[in-house]
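Notebook open, model loaded. I want to go through ring pairs, the core, a couple of helices and the charged pairs, and jot down what turns up.

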Amino acid sequence: MDLEGGAAVDRAHQGRWRNFSAEVSSILASFDKAKEWADVINSLNELQRVLVQRRYEMFDSVPEKLVLCKRLAQSFNPSLPAGVHMSALDTYDCVLQKVGARSLAADLPLYSLGLFPLFSSAATQCRRRLLEIYEKYYLTIGPAALSVCCDGLVLSLLFGLEEENAETFPATLALLDALLSRLRDSPEVFYKALWKAVRDCPQARVGGFNYIKARFPRSQPVAVEDPSSPMNAMRSRITVAMLGGSVRLFTSAIAACLEDTTSPAYRRSALDCLFTTFRLHERGCLGEPDKVALISSMLPILSLNELSSLRRLYNWIGGGDAWDEDYFAMYGAHFVSKAVRETLEKDPHSLSFDPLAALKSLMTGANQHSMRHAVLPDVLWPALRHALR
């Protein structure tokens with residue numbers, strides 16, 4: 001029974017709906033008169049009192065839902081104390097309990113407007129309450145509706161994975177797993193949302209990589225890798241799903257992290273992800289153009305005095321914590337040479353760094369012997385042409 005538009009089933013219900021609507025409208029109007037945060041809490045408590053009244057329990061909708069959701073979203077202003085946020089979450093619980101899964105699915109943008117942005121600035125107690133609401137209501141709306149809001153829901157939850165020792169980290173991780181399970185027939189929807197968040201929202205990047213680290217099987221060293229083994233076959237299937245059906249989206253997300261100059265943590269997290277889950281010797285996941293594109297996005301790192309990122313870069317192209325010349329010659333040199341060559345052939349004005357400085361770093365670094373032997377012959381002439389432009 002949806003009476004949002006004022007249509008009544010019978011005269012008795014029509015009168016009750018008018019009373020219900022009048023009470024809710026009066027309380028919503030009181031938000032405009034609030035002078036301090038305690039007034040906001042009082043208004044929220046009044047809303048809860050009206051929503052749970054037994055004389056209105058026959059209604060599966062709420063009056064003034066647009067204004068109601070707007071007021072609830074405003075109650076999540078980060079400048080307000082956690083007590084206001086908790087009262088607003090309790091009110092959301094009352095609203096979602098009343099409208100049910102079908103109405104939530106029909107009005108997802110409206111109800112999610114205030115909830116999704118809250119997680120990033122919420123106190124621990126509010127995060128726990130928000131996780132309960134996500135689990136109680138959002139995971140029950142069905143895969144089709146979940147797919148619609150997956151981008152916003154995943155982005156919201158990634159803020160709960162920034163710190164691995166945080167109190168809400170395990171619960172957030174479990175909720176993401178539950179969301180992926182609900183989307184088991186289309187896991188690419190979940191992973192596309194994950195990589196979009198990593199690409200477009202710098203603050204969510206550490207959380208995204210923490211999820212991958214916690215849930216994705218690690219790459220096997222080349223010496224023990226057996227492509228025909230059941231474990232590697234399973235890992236290959238997971239990898240394909242994890243790429244979200246779009247390798248380009250994955251590589252653009254990694255490249256965005258590597259090229260971000262605001263925080264070394266993003267570069268380190270991206271390089272760790274590549275080293276633990278996408279080794280250069282692995283086949284079937286990333287093709288040659290993808291690996292070349294990733295190495296091209298790493299070249300600016302060579303111009304930075306950032307030892308932690310450089311060590312991770314060399315670990316990836318050199319096969320491990322200890323540089324392996326044979327591994328680099330077999331798996332890394334070709335991709336490095338092609339990435340450097342393609343970068344040198346670009347218009348210098350289109351580059352945000354000096355590729356010759358990056359090349360010099362390669363040729364004079366700790367692994368200069370391997371670089372000079374395997375890379376320099378392929379890039380020497382492009383380097384000279386670039387210098388003469």
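**Rings**

I started at Tyr314, which counts as buried because its relative accessibility is 14%. This is a predicted model, so I kept in mind that side-chain atom pairs count only at pLDDT 80 or more. Trp323 comes out as partly exposed, with a relative accessible area of 21%. The cut-off for buried is under 20%, so Trp323 at 21% is partly exposed. I then looked at how the two rings sit: the centres of Tyr314 and Trp323 are 6.0 Å apart and the planes are at 80°, so I noted the pair as edge-to-face.

How many aromatic pairs does a search of the whole structure find? It gives 17. Another one I opened is Trp17 with Phe20, also listed as edge-to-face, at 5.8 Å centre to centre and 85° between the planes. Both sit in helix 1 (residues 11–30), 3 residues apart, so about one helical turn separates them. Are these two buried or exposed? Trp17 is buried at a relative accessible area of 7%, and Phe20 is buried at 0%. I followed the ring pairs outward and got a cluster of Trp17, Phe20, Tyr56 and Phe59.

While on rings, I checked for charges over them. Arg205 lies over the face of Tyr266, 5.5 Å from the ring centre.

**Core**

Next I pulled up the largest nonpolar core, which has 122 residues. Leu115, Tyr134, Tyr138, Trp195 and Ile317 have the most contacts inside it. Which helix gives this core its largest share? Helix 4 does, with 9 residues.

I picked Ile317 for a closer look. Leaving out residues up to four places away in sequence, Ile317 touches Leu280, Ile295, Trp323, Tyr327, Phe328, Gly332, Val336 and Met371. Trp323 from the ring pair is among these, and so is Ile295, which took me to helix 14.

**Helix 14**

Helix 14 (residues 288–298) is mostly covered, with 8 of its 11 residues buried. I wrote down the buried ones: Asp290, Lys291, Val292, Leu294, Ile295, Ser296, Ser297 and Met298. What covers them? The cover includes helix 12 (247–259), helix 13 (264–277), helix 15 (307–318) and helix 16 (325–344).

**Helix 7**

I looked at helix 7 for its bend. There is a kink of about 65°, centred on Cys149. Cys149 is itself buried, and the other buried residues of helix 7 are Ala145, Leu146, Cys150, Leu153, Val154, Ser156, Leu157 and Leu158. I checked what they pack against and got helix 4, helix 5 (108–118), helix 6, helix 8, helix 9 (187–200) and helix 10.

**Charged pairs**

Last stop, salt bridges. The search of the whole structure finds 17 of them.

I opened Asp93 with Lys136, whose closest N and O atoms are 3.5 Å apart. The pair links distant parts of the chain, 43 residues apart: Asp93 is in helix 4 (residues 82–106) and Lys136 in helix 6 (residues 124–137). Asp93 is buried at 14% relative accessibility, whereas Lys136 is partly exposed at 44%. I traced the connections and found Asp93 and Lys136 in a salt-bridge network with Asp90, Arg129 and Glu132.

Then I took Glu167 with Arg128, where the closest N and O atoms are 2.5 Å apart. Here, too, distant parts are linked, 39 residues apart: Glu167 is in the loop between helix 7 (143–158) and helix 8 (169–182), and Arg128 is in helix 6. Glu167 is exposed, with a relative accessible area of 58%, while Arg128 is partly exposed at 37%.

My final pair was Lys213 and Glu164, with the closest N and O atoms 3.3 Å apart. Lys213 lies in helix 10 (residues 205–215) and Glu164 in the loop between helix 7 and helix 8, so this pair ties together parts 49 residues apart in sequence. Lys213 counts as exposed at 51% relative accessibility. Exposed means over 50%, so Lys213 at 51% is on that side of the cut-off. Glu164 is partly exposed at 47%.

Conventions:
Residues are numbered from 1 along each chain as its sequence is written. This is a predicted model: local features need pLDDT of at least 70, side-chain atom pairs count only at pLDDT 80 or more; totals for chains, interfaces and linings use all residues. Side-chain values use heavy atoms; hydrogens and water are left out. A salt bridge is a side-chain nitrogen of Lys or Arg within 4 Å of a carboxyl oxygen of Asp or Glu. Helices (H or I, at least four residues) and strands (E, at least two) are DSSP runs, numbered from the N terminus. Buried means under 20% relative accessible area, exposed over 50%, partly exposed in between (1.4 Å probe, protein chains only). Contact means heavy atoms within 4.5 Å. A nonpolar core is a set of buried Ala, Val, Leu, Ile, Met, Phe, Trp, Tyr and Cys residues joined through side-chain atoms within 4.5 Å. Rings of Phe, Tyr and Trp (its six-membered ring) pair if their centres lie within 6.5 Å; planes under 30 degrees apart count as stacked, over 60 as edge-to-face and the rest as tilted. A charge sits over a ring if NZ of Lys or CZ of Arg is within 6 Å of the ring centre and within 35 degrees of the ring normal. The bend at a residue is the angle between axes fitted to the seven residues ending there and the seven starting there.
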